[in-house]
Amino acid sequence: MKKMMTPRNFFIQTFGCQMNVYDSERIAQVLCAGGCRQVNDPAQADLIFINTCSVREKPEQKVYSALGRFRRLKKKNPNLRIGVGGCVAQQEGQGLLDRAPFLDFVLGTKELGRIQEVLEDMEKSGARGCAVDLRGRIDPYERLPLSPGPGRATSFVSIMQGCDNFCSFCIVPFVRGREVSRPSKDLLEEISILSSQGVKEVTLLGQNVNSYGKRTAGEPGFVELLEKVQEIPGIERIRFTTSHPKDLSPELAEAFGRLPKLCEHIHLPLQSGSNRILERMNRGYTREEFEEKVLNLRRACPEISITTDMIVGFPGEDDQDHRETLQAIEKIQFDDLFSFRYSDRPHTRASLFPDKIGEEVKQRRLSELQAIQKRITEDKNKAWEGREVEVLVEGPSKARAQERTGRTRTNRIVNFSGESVPVGAFAKVRVRHAFAHSLKGELL
Ligand code: SAM
Ligand code: SF4
Ligand code: F3S
């Protein structure tokens with residue numbers, strides 16, 4: 001490989017969950033601190049970094065199509081360096097470099113903090129880089145200094161990485177490693193810095209936030225951490241994701257009624273309405289226990305909006321199991337739901353189960369589930385028509401530049417006319433129309 005020059009312009013393409021969005025932001029901050037500039041057009045870049053997701057086959061395939069696109073750019077510009085990071089990088093490691101000879105480096109999920117080092121090593125040696133060590137309980141953000149810029153109202157903050165739950169369908173424990181909580185001192189400092197730059201809302205991220213601090217002596221537990229964030233001046237809204245239903249404690253449910261900054265929304269993935277399937281998924285709760293937790297949440301905070309994830313077509317799922325899933329979503333009445341067709345993932349136990357479901361059946365079950373939830377979500381959104389809501393303004397709306405967009409405390413997107421309302425303002429808005437995925441209102 002030709003020796004690389006220090007990159008001047010970099011482009012980051014991010015796939016996957018909020019944690020990848022956060023990771024990409026942190027990498028961008030480090031590269032900017034090193035004198036590089038972030039560009040929006042990959043053709044302008046001399047470094048392209050693709051942050052990847054392998055939770056299902058479809059997102060995993062995205063990295064290969066992206067690599068195909070960027071390969072053409074490299075033909076035009078041989079000085080271009082291309083790196084792949086995140087969960088596919090962790091999963092495939094050296095295999096990705098073997099498969100794509102034009103790829104320069106891969107960076108695993110716990111090696112993000114080494115990006116500068118990997119780039120420098122490549123510059124010195126002219127060799128390709130591969131850093132995918134997943135061992136140990138190390139904090140991957142330790143070596144990533146924080147330097148966020150002003151101009152935004154909301155921010156993600158990763159509080160922990162990894163997962164020890166090993167749900168039988170899920171690749172995350174294999175690509176994000178064991179649970180590691182970040183030191184609370186670092187987190188609280190990071191949130192204070194964000195606040196001083198104008199951030200009003202933070203979303204605390206982890207694959208399983210309820211386990212925060214459990215393995216580290218002297219660290220607060222998750223509810224205590226929320227209480228500490230609540231004390232930070234300037235932060236007006238706190239959210240978190242994702243909370244595992246089996247670990248949702250009565251104290252956390254009660255915190256929704258007690259902590260004024262904690263927004264009235266929780267994402268609580270049910271995955272299936274059938275106890276037989278939940279057991280095969282190794283989820284650690286029954287449908288009845290899940291319903292009990294929902295009841296506790298609604299008791300503590302009647303306004304709370306509850307969203308969920310569901311998987312259809314898990315190995316061995318029969319028509320009766322599927323009916324139970326449909327009954328569960330009718331009964332629980334989630335505010336919104338993300339639904340997925342089961343997808344085989346390497347290393348997982350479910351990938352070895354013999355009784356796989358055909359794609360046609362999965363698609364039919366998905367459509368049935370989505371039709372029911374569409375009606376429920378629309379009814380729930382309709383109930384907001386005529387009501388006054390508080391919207392934290394995040395910027396211009398996607399569809400119309402003269403409109404502003406933001407979210408209610410219950411995490412509903414609201415668009416309204418009001419060009420002059422600045423980012424970071426709390427606007428009082430009357431909801432006029434409910435749509436499937438957003439509300440439209442007028443500024444009061
Ligand atoms: N940690 C979160 C939890 O425990 O619910 C979820 C993490 S996962 C990144 C997001 C969602 O992807 C899951 O809730 C699940 O519904 C879905 N998912 C994960 N593995 C899947 C698979 N093999 N096939 C289909 N959907 C999957
Ligand atoms: Fe995956 Fe289960 Fe961990 Fe969530 S709790 S990341 S679904 S193994
Ligand atoms: Fe995907 Fe990794 Fe997130 S597999 S969903 S990017 S933790």
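Q: Which residues of α2 are buried, and which elements do the buried residues of α2 pack against?
A: In this predicted model, the buried residues of α2 are Pro59, Glu60, Val63, Tyr64, Ala66, Leu67, Phe70, Leu73 and Lys74. Buried here stands for under 20% relative accessible area. These buried residues of α2 pack against β1 (9–14), β3 (47–52), β4 (81–85), α3 (86–92) and α4 (94–99).

Q: How many Å apart are the end C-alpha atoms of helix α2 (residues 57–76)?
A: Helix α2 has 20 residues, which at 1.5 Å a residue should span 28 Å. The separation found in the model agrees with that expectation, since the end C-alpha atoms of α2 are 30 Å apart.

Q: How many residues are in the largest nonpolar core, and which residues have the most contacts inside it?
A: In soluble globular proteins, nonpolar side chains tend to be buried together. Here helix α8 (residues 222–230) gives the largest share of the largest core, with 5 residues. That core has 63 residues, and those with the most contacts inside it are Leu204, Phe222 and Phe240.

Q: Which residues does Leu204 touch, leaving out those up to four places away in sequence?
A: Leu204 is one of the residues with the most contacts inside the largest nonpolar core. With residues up to four places away in sequence not counted, Leu204 touches Val157, Ile159, Ile191, Val209, Phe222, Leu225, Leu226, Val229, Ile238, Arg239, Phe240 and Thr241.

Q: How many residues does the second, separate core have?
A: The second core is separate from the largest one and includes Leu67, Phe70, Ala89 and Leu96. Leu67 and Phe70 are also among the buried residues of α2. This second core has 23 residues.

Q: Why are the buried residues of α12 placed on the same side of the helix, and what arc do they cover?
A: The buried residues of α12 are Asp321, His322, Thr325, Leu326, Ala328, Ile329 and Ile332. They are on the same side of α12 because the arc they cover around the axis is only 155°. An α-helix has 3.6 residues a turn, so residues three or four places apart point the same way. The arc covered by the buried residues of α12 is 155°.

Q: Which elements do the buried residues of α12 pack against?
A: Helix α12 (residues 319–332) has 14 residues and reaches 20 Å from its first C-alpha to its last, close to the 20 Å expected at 1.5 Å a residue. Its buried residues pack against α10 (275–280), α11 (287–300), β13 (305–312), β14 (336–341) and α13 (359–382).

Q: How many nonpolar, polar and charged residues are in the shell around ligand 2?
A: Ligand 2 is surrounded by Cys163, Asn165, Phe166, Cys167, Phe169, Cys170, Val172, Pro173, Gln207, His244 and Arg283. By class, this shell around ligand 2 divides into 7 nonpolar, 3 polar and 1 charged.

Q: Which peptide bond is cis, with omega near 0°?
A: Most residues other than glycine have a negative phi, and most peptide bonds are trans. Thr242 has its place in the loop between β11 (237–241) and α9 (250–258). The cis bond is the one from Thr241 to Thr242.

Q: Is His347, with its positive phi, buried or exposed?
A: His347 is found in the loop between β14 and α13, and its phi is about 75° although it is not a glycine. The relative accessible area of His347 is 55%, and being over 50% counts as exposed. His347 is therefore exposed.

Key. Residues numbered from 1 in each chain as written. Chains lettered and ligands numbered in written order. Predicted model: local features only at pLDDT ≥ 70, side-chain atom pairs only at ≥ 80, totals over all residues. Heavy atoms only, no water. Near = heavy atom within 4 Å. Nonpolar A, V, L, I, M, F, W, Y, C, P; charged D, E, K, R; others polar. Core = buried A, V, L, I, M, F, W, Y, C linked by side-chain atoms within 4.5 Å. Buried < 20%, exposed > 50% of the residue type's maximum accessible area, 1.4 Å probe, protein only. Helix = DSSP H or I, 4+ residues; strand = E, 2+ residues; numbered from the N terminus. Contact = heavy atoms within 4.5 Å. Expected span 1.5 Å × (residues − 1). Arc of directions from axis to C-beta.
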